[in-house]
Amino acid sequence: MRRVALVGTSAALAGAVALCGASAAVAAAPTAVAHPAPAPAAAKAAEPTGKVVSRINLSIREQPTTSSKSLGSVRPGTVIALHCKKDGQNVDGNHLWYMLGDGKRGYVSARYVKNLAVVPYCK
């Protein structure tokens, strides 16, 4: 068995080099160290959605009551993000209101929104 000459290498590299029956000289050279890519940030959990089922534009209210200030409206058939639900003014037998999700402000009556996923109660 012949000896292997290692020149200017680390002990880790020396331990990894094994040449059987040959003589070799390994020159020190910069080596690239592979670093794993950083893990992607935890994805924000998707909020539940609902589809507006009113026949006319559905008012977005500042509070869960029809007498509250209007903040705009949503067209029938629109799918909207719903953050949570809470009790509010009774609208045609339904006392629940949805707080809008996706960073939007306001409430819509649950009477006119078909939830497409389970919507938690507001904390």
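So, which residues line the largest pocket? Let me start there, and please keep in mind that this is a predicted model. The lining is made up of S54, R55, I56, N57, L58, S59, R61, T66, V91, W97, S109 and Y112. The volume of that pocket comes out at about 190 Å³. If you sort the lining by class, you get five nonpolar residues, five polar ones and two charged ones. And which strand gives the most to that lining? It's β4, covering residues 58-61, and it puts in three residues.

Let me pick two of those lining residues and say a bit about each. S109 is in the pocket lining, and you'll find S109 in strand β8. Is S109 buried or exposed? It counts as buried, because its relative accessibility is 4% and the cut-off for buried is under 20%. Setting aside the neighbours within four places in sequence, S109 is in contact with L58, V91, L96 and W97. Now look back at the lining, because L58, V91 and W97 are listed there too, along with S109.R55 is the other one, and R55 also lines the pocket. This residue sits in the loop between β3, residues 49-52, and β4. With a relative accessible area of 85%, R55 is exposed. There's a spacing to look at here as well: R55 and G77 are 22 residues apart in sequence, and their C-alpha atoms are 9.0 Å apart in space.

Okay, stepping back to the whole chain. How many helices and strands are there? The count is one helix and nine strands. Reading from the N terminus, the order is β-α-β-β-β-β-β-β-β-β. The chain has 123 residues, and 22% of them count as buried. As for contacts, take the ones between residues at least 6 apart in sequence: 46% of those join residues at least 24 apart.

Next, the core. The largest nonpolar core has 13 residues, and the members that touch the most other members are I80, L82, Y98, V108 and V113. The elements giving two or more residues to this core are β4, β6 (79-91) and β7 (94-100). Which of them gives the largest share? That would be β7, with three residues.

Y98 is a good one to click on. Leaving out residues up to four places away in sequence, Y98 touches L82, C84, K85, G106, Y107, V108, A110, V113, N115 and V119. Notice that L82, V108 and V113 from the core list show up among those partners.

C84 is on that list too, which brings me to the cysteines. The structure holds one disulfide. It is formed by C84 and C122, with the sulfur atoms 2.0 Å apart. Just as a reminder, a disulfide is a covalent bond between the sulfur atoms of two cysteines. How far apart along the chain are the two partners? They're 38 residues apart, with C84 in strand β6 and C122 in the segment after β9 (113-115), and the pair links distant parts of the chain. The link is right-handed, with 85° about the S-S bond. The two ends have their own exposure classes: C84 is buried, with a relative accessible area of 5%, while C122 is partly exposed, with 24%.

Now a quick tour of some loops. T78 lies in the loop between β5 (70-74) and β6. At 28% relative accessibility, T78 counts as partly exposed. Which residues is T78 in contact with, once neighbours within four places in sequence are left aside? Those are G50, K51 and V52. T78 and V113 are 35 residues apart along the chain, and their C-alpha atoms are separated by 9.5 Å.

Last thing, two backbone angles for anyone who likes to check phi. D92 is in the loop between β6 and β7. Phi of D92 is positive, about 50°, although D92 is not a glycine. And is D92 buried or exposed? D92 counts as exposed, because its relative accessibility is 57% and the cut-off is over 50%.

D102 is the other residue to check, in the loop between β7 and β8 (107-109). Its phi is near 60°, again a positive value in a residue other than glycine. D102 counts as exposed as well, at 52% relative accessibility.

That's what I have, so let's pull up the model and look around.

Note on methods: Residues are numbered from 1 along each chain as its sequence is written. This is a predicted model: local features need pLDDT of at least 70, side-chain atom pairs count only at pLDDT 80 or more; totals for chains, interfaces and linings use all residues. Side-chain values use heavy atoms; hydrogens and water are left out. On a 1 Å grid over the protein atoms alone, a cavity is a set of points where a 1.4 Å probe fits but cannot get out, and a pocket is an open set with protein on both sides within 12 Å along at least five of seven lines; lining residues have an atom within 4 Å of a point. Grid points are joined across faces, edges and corners, and a volume is the space filled by probe spheres set on the points. Helices (H or I, at least four residues) and strands (E, at least two) are DSSP runs, numbered from the N terminus. Ala, Val, Leu, Ile, Met, Phe, Trp, Tyr, Cys and Pro count as nonpolar, Asp, Glu, Lys and Arg as charged, and the others, Gly among them, as polar. A nonpolar core is a set of buried Ala, Val, Leu, Ile, Met, Phe, Trp, Tyr and Cys residues joined through side-chain atoms within 4.5 Å. Buried means under 20% relative accessible area, exposed over 50%, partly exposed in between (1.4 Å probe, protein chains only). Contact means heavy atoms within 4.5 Å. A disulfide is a pair of cysteine sulfur atoms within 2.5 Å.
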